[in-house]
Every structure is written in C-alpha cells, then in structure tokens.
Amino acid sequence: MSQAPEVSRGPVVTPVRVVIGLCLIAPFVAMLWVGSYAKTDPAFIGIPFFYWYQMLWVVISTALTMIAYQLWRRDQRARASRKGGAEQ
Amino acid sequence: MKDGVNGVALGVFIFFFLLVTVLGFLAARWRKAENEHSLDEWGLGGRSFGTWITWFLLGGDLYTAYTFVAVPAAIYAAGASGFFAVPYTILVYPLIFTFLPRLWSVSHKHGYVTTSDFVRGRFGSKGLSLAVAVTGILATMPYIALQLVGIQAVLDVMGVGGGEDTNWFVKDLPLLIAFGVLAAYTYSSGLRAPALIAFVKDTLIYIVIAVAIIYIPIKLGGFDDIFAKAGEAFSQTNPATGKPKGALAPAEAGQWTYATLALGSALALFMYPHSITATLSSRSREVIRRNTTILPLYSLMLGLLALLGFMAIAAGVKVQNGQLAIPQLFETMFPDWFAGIAFAAIGIGALVPAAIMSIAAANLFTRNIYKDFIKPDATAQQETAVSKIVSLLVKVGALVFVLTMDKTVAINFQLLGGIWILQTFPALVGGLFTRWFHRWALLAGWAVGMVYGTMAAYGVASPTQKHFGGSAKEIPGIGEIGYIGLTAFVLNVAVTVVLTFVLKAVKAPEGADETKPEDYTADAGDPGVQVELPPATAGSAH
C-alpha cells in the first residue's frame, strides 16, 4: 500500500522513537540470553548471581519502561501541538 | 504435619475471610453508576478504574494464589529452572506497553467487552471470534480450578483439610463454604468485588513477603547457609531419573527451555481473558501505560517469594506434595498468629483471581456465544443476567473438577491452557497493528497451533506421568528442548502468513472491518469515546 504520509504527522521513525524501541527491546535481549547469567558467582549477600542478577533486571527494565513512557508522552505532546499549529 | 488444627492460625484466617466477605458484598455500592444493568457495569466495573485500583486489580489478578504456591514449589523441587517466572514477568511489561493501549482504545470506541468482540469487529468473522472465545474459556476453567488447589494447600496445612480417612464432605466443607461465599458476592457485585478485595489481598501479601524475606533468613543463618544447604540437596541423585535433583544455575542444556518458557509465557499472559477484563476496566489509555511502569513491583515480590523455595529446603521442610512446601514453611517458621496472616494472604489471593476469571469467562460466553449464535437481539439487561449465571456455572464446574478428579488433571489442563491461549496471539495482537492477515488464514494457523501443541504436550512423559509430564519438548529442526507453546505459536504464525498470501492471491472475501485507524489511538475525552458507560453493544445505542 502506498499512501502519502499526512503532512502534519511528520516522519514515523524519529530518533526519540528509536530510543523508545531500544528501551523496550533491551530486557528481551538481556533475559533471553540465559547463557550470560547462568552461573552462581559472584554471590551477593549469599544469593547466587543467577538470582540477584535477574531481580536486578526487574529494576532495570522498570526504569527503562519508565523512560520509554516519559519519552512517548513528550513525543505525543510535541506531535499534538505541531498538528494543532498546522491546522490553524 | 497433620497434628491437629492450628487454632490461632485458623482464627486469624477466618477473621480475614469474613472481612473480605463483607467487603465483597459492600462492593456493589462502591462507585455505583446509574445504569447497573449493563455488562459494562457488572463485568467491567463501569470501565472507571484509575491507576491505583487498576494496579491492585491487575496485581491481584495476575499473581494468583497458585503462583504463590507453585513458583516456590518448583524451586523447592528443582532449583533454578523454576525461576523462569521472574524473567517471564519482566518481559510482560515492555511487551504490553506496545499493544495494550491500542486494545483499550479500540475497545472503548466500539464498546468491546472481550477480545473476541474485537476480533469479530476487526475481521468480520464470527468463526474466528468463536475460536478465540472457546480458547479463552477452555484456558480459564483449569486456572480457576488451580486457585482451589491453592486454598486446599493452605487448609491442609492448617489441619482443616482432614486426613485421608475423613469423610469427603467434612474434608471439603471449608472449600465449599469459601467458594459459595465467593460465588455469591461475585454474582451480586461483579468486578467491583475483586477490585475492592484486591486491596486487602495485596497489602497482606506484601507484609508477609517483607517479613518472610528478612525474618526467615535470620533464623536460618543467612542466605549463605540457605544456598549451601539447597545446593547440597540438589546435588543428590534423584532415584527416579538417575540425575541430580536440581541445580542452583541452569546447565547448558536447560537454557533454551528457560528462555522459551519465559518468552512464551510472557506472550501468553495478556491473551488470558481475565487479564484483558482487568485492563478494559481502567478509565483511560494513560492508566494502562502508567501501570506498565508500576506493575513490576509485583515481579520483584515474586522473585523474593521464589527464594522461599530454597528456604524451605534449608529449613528441613519435607513434603511429598511440593505445593505444601511454602504453607508448611510458614507454619514451621512463624508464630501461629503470623502464619494465620500468611495463610489468609494466600487464601484471599485465590479468591480475587477466581472471581475475575469467572467474570471473564462469563463475558466471553455471553458476548461471543450467547449473543452471536443463540440470541442476537439480547438486551444489555439480558446479557448481564446471562453473564451472572454463567459466572456461577463456571465456578461450580471448577469446583467439581477439583473435587472429583486428581489434582494433576487440573495442573495438566492448566499447562495445556497456556499453550492454547498463546495461539490466539496472532489474531489479537496481529489484528491490533495490521489488517493484512486473512481471517481464514488466522483460523487455520490457530487450528494448527492448537493441534500441534496438544499432541506435543500429550507426548511428554515424566517419571511420574506418562502424558503431559511437562511443557517442554525438542523443537523440530533446532533440536534443543523448548516450550511447546512457543513452538506451536511459531508454527501458527508460519501457517497464517503463508495462507494469507494464498488467500489474497485467490481473492478470498476479506470480511468487513468496522474499525478505523484512528480508533486505535483514541483516548478518553475524544469525540465518540465516553468516559463512562459506553453503549453495551457497538453502534446500537446512539
């Protein structure tokens, strides 16, 4: 399908959106690459690496999702105001 | 362990049970709307829940009593491989961040109550919508049954489950009472009941976990000792398999299984009807995105909870049935009154999801079987009446299931349910982003995934079971052991894509699409999107 992009919407792929995408993809790469963390050392307060590393990723992925959320909101606001400006 | 009834623990348990019963019935009056006879009111709480209620509701819904019992039980039995639940719940949130707001928007715009409603509207296919609805109901039923298994585990440890020689009625009476009460307030209050009870459930759970994760390691001599003892226990040979019982980190061979289980389960979670019901009850699109950033708090709790499995080993808890490991650990380590709070947390943790699941299954039946095939001109009031009755039937069915059949049957079906529900992903998530897939191709892909998944799971043997012995099997063409559901899903997508090309080439009828591109990004307050009480049926109430 070849549809002319609407002038007011701007390009679909922007640097901000690439960053959002990376934030969302990073947890998948980290968690599905099991070989990178399937070991017991170094332990943290007695908890083997395998366990504390994954729990740490709960925190990291939460932070990344929050960043993605904030960037997305800013992106949407910017688009809305640009669109509003274009229509006036 | 069955040395009589633990009176103090039972007293505390009953206190909390009565508390949530009162809450459950009062919930009918909470945030009540003018038109209480619509399915949106009973089945979706008026689509009015804000960020925090949605957070409690989804948390109470997704992290069930069975999860609390089964995840540490898996760790207790085999170590590292049971920990996949943590990466699984990590992956869920970035995943739903991308598609759930779109589902919310299009559902609000068109008054969809279930995922099947959306599939029918998007692809103009009642057949495909029926397939999604039946899959959802089939996958949900054993899940409800497992909540009962969770309550049973707690009752057993408190000594009210009765021994093997007690009369079946006396043995099951507590369970019957618990479910009778649950059925009554779900019937009268709808989704508002679990939403209100979820506050109590999650508060209790967080308190119990916080105490357990500090108090138990201190009593057991710290995490060093706990893991040393667990490692020792896992290195012993299992007489049934001739291999070590488990490991503290997955061996090379288990890593594919670990990763595919995590990914497949993450993809499947928000295909379950009860997850979607809780999602659609939220007030706005923002509520959902915001929730993806605060729901991981539950994952952290799940990780800590999983560690209790190791503590059960270190504390010398010896149970035949692994599901009793955690309740037994609580009873051994905690003073009676706090053990009662912990048991109440698990018991109430079963009631919340069981209520939401039965509502979700009832909505599917009403909207996509009753209204689509039996009585197309049903009014909103009739829809609600049917849903209420079906929610009762679904619970009775689950109860009969648990009481008459062996527990392993429920667990086997739950395993199959996960594989099945994942097969609705292409139609639902695919449909949210593109109309390229052909409806018949989606139906064929779904059928292939269902058949392959069921047959593959049937063929898995374990030392204790000839069939349905596990959810992982060799992936054809790769040779590694992977999650059957994910293999079936890949097959499903391949069939769908190939057949879409074929069907488009022969110009098979595409079906009407009642949605528009802008529907997928609409938010509350936009024209045509009512903040509360949209028409129960798309387009009929204008």
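Which residue follows α4(B), and what is its phi? The residue is Gly79(B), and its phi is positive, near 80°. I'll come back to that helix shortly. Before that, one caution: what you have in front of you is a predicted model.

Let me start with chain A. Chain A has 2 helices and 0 strands. Of its 88 residues, 24% count as buried. If you take the contacts in chain A between residues at least 6 apart in sequence, 65% of them join residues at least 24 apart.

Now the contact between the chains. Chain A puts 26 residues into the contact, and chain B puts in 30 residues. On the chain A side, the elements giving two or more residues are α1 (15–32) and α2 (49–87). Of these, α2(A) gives the most, with 12 residues. Sorted by class, that side of chain A has 18 nonpolar, 7 polar and 1 charged residues.

Next, the loop between α1 and α2 of chain A. Two backbone features are worth pointing out here. As background, most residues other than glycine have a negative phi, and most peptide bonds are trans. In this loop we find Pro42(A), and the peptide bond joining Asp41(A) to Pro42(A) is cis, with omega about -5°. The same loop between α1 and α2 of chain A holds Ile45(A). The phi of Ile45(A) is positive, near 35°, and this residue is not a glycine. Is Ile45(A) buried or exposed? Ile45(A) is exposed, because it has 9 other C-beta atoms within 10 Å, and the cut-off for exposed is 12 or fewer.

Chain B has a residue of this kind too. Lys507(B) is not a glycine, yet has a positive phi of about 55°. You will find Lys507(B) in the segment after α21 (484–505) of chain B. With 7 other C-beta atoms within 10 Å, Lys507(B) is exposed.

Back to α4(B), as promised. This helix covers residues 65–78 of chain B. At 1.5 Å a residue, its 14 residues should span 20 Å, and the end C-alpha atoms are 20 Å apart, so the two agree. As for its surroundings, 13 of the 14 residues of α4(B) are buried, so the helix is largely enclosed by the rest of the structure. Gly79(B), with its positive phi, then follows the helix.

Now two pairs of packed helices in chain B. In general, two packed helices are described by the angle between their axes and the distance between the axes.

The first pair is α6(B), residues 115–123, and α7(B), residues 126–158. They pack at an angle of about 165°, with their axes 8 Å apart. That angle is over 145 degrees, so α6(B) is roughly antiparallel to α7(B). The crossing of α6(B) past α7(B) is right-handed. From α6(B), the residues in contact include Val119(B) and Phe123(B); from α7(B), they include Leu128(B), Val132(B) and Gly136(B). By class, the residues of this contact are 5 nonpolar, 4 polar and 2 charged.

The second pair is α16(B), residues 336–374, and α17(B). Their axes come within 8 Å and cross at roughly 125°. That makes α16(B) oblique to α17(B). This crossing is right-handed as well. On the α16(B) side, the contact residues include Ile359(B), Phe365(B) and Tyr370(B), and on the α17(B) side they include Val386(B), Val390(B) and Val394(B). The class count for this contact is 8 nonpolar, 5 polar and 3 charged.

Two more points on these helices. First, α17(B) runs over residues 380–404, and its 25 residues should span 36 Å at 1.5 Å a residue; the end C-alpha atoms are 36 Å apart, which agrees. Among the buried residues of α17(B) are Val386(B), Val390(B), Val394(B), Ala398(B) and Val402(B). In general, residues three or four places apart in an α-helix point the same way, because there are 3.6 residues a turn.

Second, α16 of chain B contains Ala354(B). Why does Ala354(B) count as buried? Because Ala354(B) has 31 C-beta neighbours inside 10 Å, where 20 or more is the cut-off. Leaving out residues up to four places away in sequence, Ala354(B) touches Ile144(B), Gln147(B) and Leu182(B). Ala354(B) and Leu182(B) are 172 residues apart in sequence, and 8.5 Å apart in space, C-alpha to C-alpha.

That is the end of my list.

Conventions
Residues numbered from 1 in each chain as written. Chains lettered and ligands numbered in written order. Predicted model: local features only at pLDDT ≥ 70, side-chain atom pairs only at ≥ 80, totals over all residues. Helix = DSSP H or I, 4+ residues; strand = E, 2+ residues; numbered from the N terminus. Expected span 1.5 Å × (residues − 1). Contact = placed C-beta atoms within 7 Å. Nonpolar A, V, L, I, M, F, W, Y, C, P; charged D, E, K, R; others polar. Axes fitted to C-alpha atoms, helices over the stretch in contact; angles between N-to-C directions. Parallel < 35°, antiparallel > 145°, perpendicular 65-115°, else oblique. Left-handed = near helix turned anticlockwise from the far one by under 90°.
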